[in-house]
Amino acid sequence: MRQSYASIDLSALMQNLRLLKGAAPHSDSLAVVKADAYGNGAVEIAKHIAPEVNMLAVAMLDEAIPLREAGINLPILVLQGPHQASELSATDAYNLHWMIHNKHQLEWLEQHQASKQNAIDNLGARLWLKFDTGMHRLGFDIDDFDTVLHNHRHLTNSSTVIATHLACADEQDRTHTDQQISRFLQGVKNAGMRLSVANSAGALAHASAQQDINRIGIALYGSSPFDTSHSTFGVNDSIGLKAVMTLTAKIIGLRTIPKGDTVGYGGTWTASKPSTIATVAIGYADGYPRHAPNGTPAICRGQRIKLVGRVSMDMLTFDVSELDDVALYDEVELWGKQLPINEIARFVGTIGYELMTRISARVPRRYTTK
Ligand SMILES: *Cc1c(COP(=O)(O)O)cnc(C)c1O
């Protein structure tokens, strides 16, 4: 049996949720479980979190269906909206809410509502309208708010959610975020509908982004959305988030090599002294980043070790010469409880989001509640 696994700590998940709810006590919480709950396993995460959140969100219809088939009953928001008109016919059966961001989607909804047999039940309460306030990715221009609302008034009601997405809420410089929020609030003034602005970073760092419902992703999973080198926000621990995913693999090979020998494909690391090299059973096919450089840390027996040589498809090599003791089949933590994922992300030049979502299906997820 595979000895490499991602353990998913569901009690850490709930602690993170409570921390986020505490930080935004006047907002409802929507848990974003797209991309298999950022690699943590959408069905398990959704089941566990369901009693304490108001809604779930996925990126596209295909991600919503397995959640329903697993018996999860919370409303699910589809963040990209329908990709084609026919997807709307799943709305009632799957209890879906749609984030609508372009004019085609609005036309599809109009057509749907025009045909009596197809009409979506209580569409207004299932409709989110996305407005672009400066992210420039998806959404109607906020300057067109009145026109969009006026032209499609009959699709909406007071339960309709008006949303925008923040581009820079994780940054120390608040200018861009403040600008987006004020453009949004000015644009929607007196709409008499529900509002949604904040992602994790918005909910944690920008009180004015906390509106009726916050869309929380990465922070639930315990990776700080903030660049952890920023002094204001500090590392994970200082905002109190707990790592949910701990990635572990075992040492399956152990050898001593002489000074001057190299390790791995291309011989990219040379031993400057006789060294003990541990081969660990996880690689880029499991989602460990191939570009992790020499020196990327991991933890073995509570001590830090350093990656040496190239990441292979199924294996990593570490210099364990400094360990007091080491043995075949010892466990190595690649990131998680003892080693923040953001620290590895910094070594690799990416973010925790990418590392987490890329852990492949080959890695079993083991759920713990402590
Ligand atoms: C993914 C996503 C979120 C969640 O963002 P986090 O930074 O993970 O909290 C919120 N809103 C939208 C529209 C998203 O696509």
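Below are a few worked exercises on salt bridges and annotated sites in this predicted model.

Residues are numbered from 1 along each chain as its sequence is written, and side-chain values use heavy atoms, with hydrogens and water left out. As the model is predicted, local features need pLDDT of at least 70 and side-chain atom pairs count only at pLDDT 80 or more, while totals for chains, interfaces and linings use all residues.

**Exercise 1. Find the partner of Lys 337 in a salt bridge, and place both residues in the chain.**

Step 1: Start with the term. A salt bridge here is a side-chain nitrogen of Lys or Arg within 4 Å of a carboxyl oxygen of Asp or Glu. The structure has 12 salt bridges.

Step 2: Pick out the pair. Lys 337 meets Asp 9, with 3.0 Å from N to O.

Step 3: Place them. Lys 337 lies in the loop between strand 18 (331–335) and helix 12 (341–348), Asp 9 in strand 1 (residues 5–9), and the two are 328 residues apart, so the pair links distant parts of the chain. Helices (H or I, at least four residues) and strands (E, at least two) are DSSP runs, numbered from the N terminus.

Step 4: Check exposure. Buried means under 20% relative accessible area, exposed over 50%, and partly exposed in between (1.4 Å probe, protein chains only). Asp 9, at 4%, is buried, whereas Lys 337, at 47%, is partly exposed.

**Exercise 2. Work out which strands the Arg 194 and Asp 28 pair links.**

Step 1: Confirm the contact. The closest N and O atoms of this salt bridge are 2.9 Å apart.

Step 2: Locate the ends. Arg 194 belongs to strand 9 (residues 194–196) and Asp 28 to strand 2 (residues 28–32), with their positions 166 residues apart.

Step 3: Look at the surface. Arg 194 is partly exposed at 26%, and Asp 28 is partly exposed at 28%.

**Exercise 3. Trace the salt-bridge network that includes Arg 362.**

Step 1: Take one bridge. Asp 314 pairs with Arg 362, their closest N and O atoms being 2.9 Å apart.

Step 2: Place it. Asp 314 sits in the loop between strand 16 (303–307) and strand 17 (316–319), and Arg 362 in the loop between helix 13 (352–357) and strand 19 (365–368).

Step 3: Add the remaining member. Asp 286 is linked with Asp 314 and Arg 362 in a network of salt bridges.

Step 4: Add accessibility. Asp 314 is partly exposed at 31%, and Arg 362 is partly exposed at 37%.

**Exercise 4. Decide whether the residues that UniProt annotates as "active site" gather at one spot or not.**

Step 1: Read the record. The unreviewed UniProt entry puts "active site" on Lys 34 and Tyr 265; UniProt positions are given in the numbering used here, feature names are shortened, and annotations may be inferred rather than shown by experiment.

Step 2: Check the spread. They span 232 residues in sequence and the farthest two C-alpha atoms are 35.2 Å apart, so they do not all gather at one spot.

Step 3: Describe Lys 34. It is in helix 2 (residues 34–38) and partly exposed at 29%. The unreviewed UniProt entry also lists Lys 34 for "modified residue: N6-(pyridoxal phosphate)lysine".

Step 4: Describe Tyr 265. This residue lies in the loop between strand 12 (262–263) and strand 13 (269–270) and is exposed at 59%. Leaving aside neighbours within four places in sequence, Tyr 265 is in contact (heavy atoms within 4.5 Å) with Arg 310 and Ser 312.
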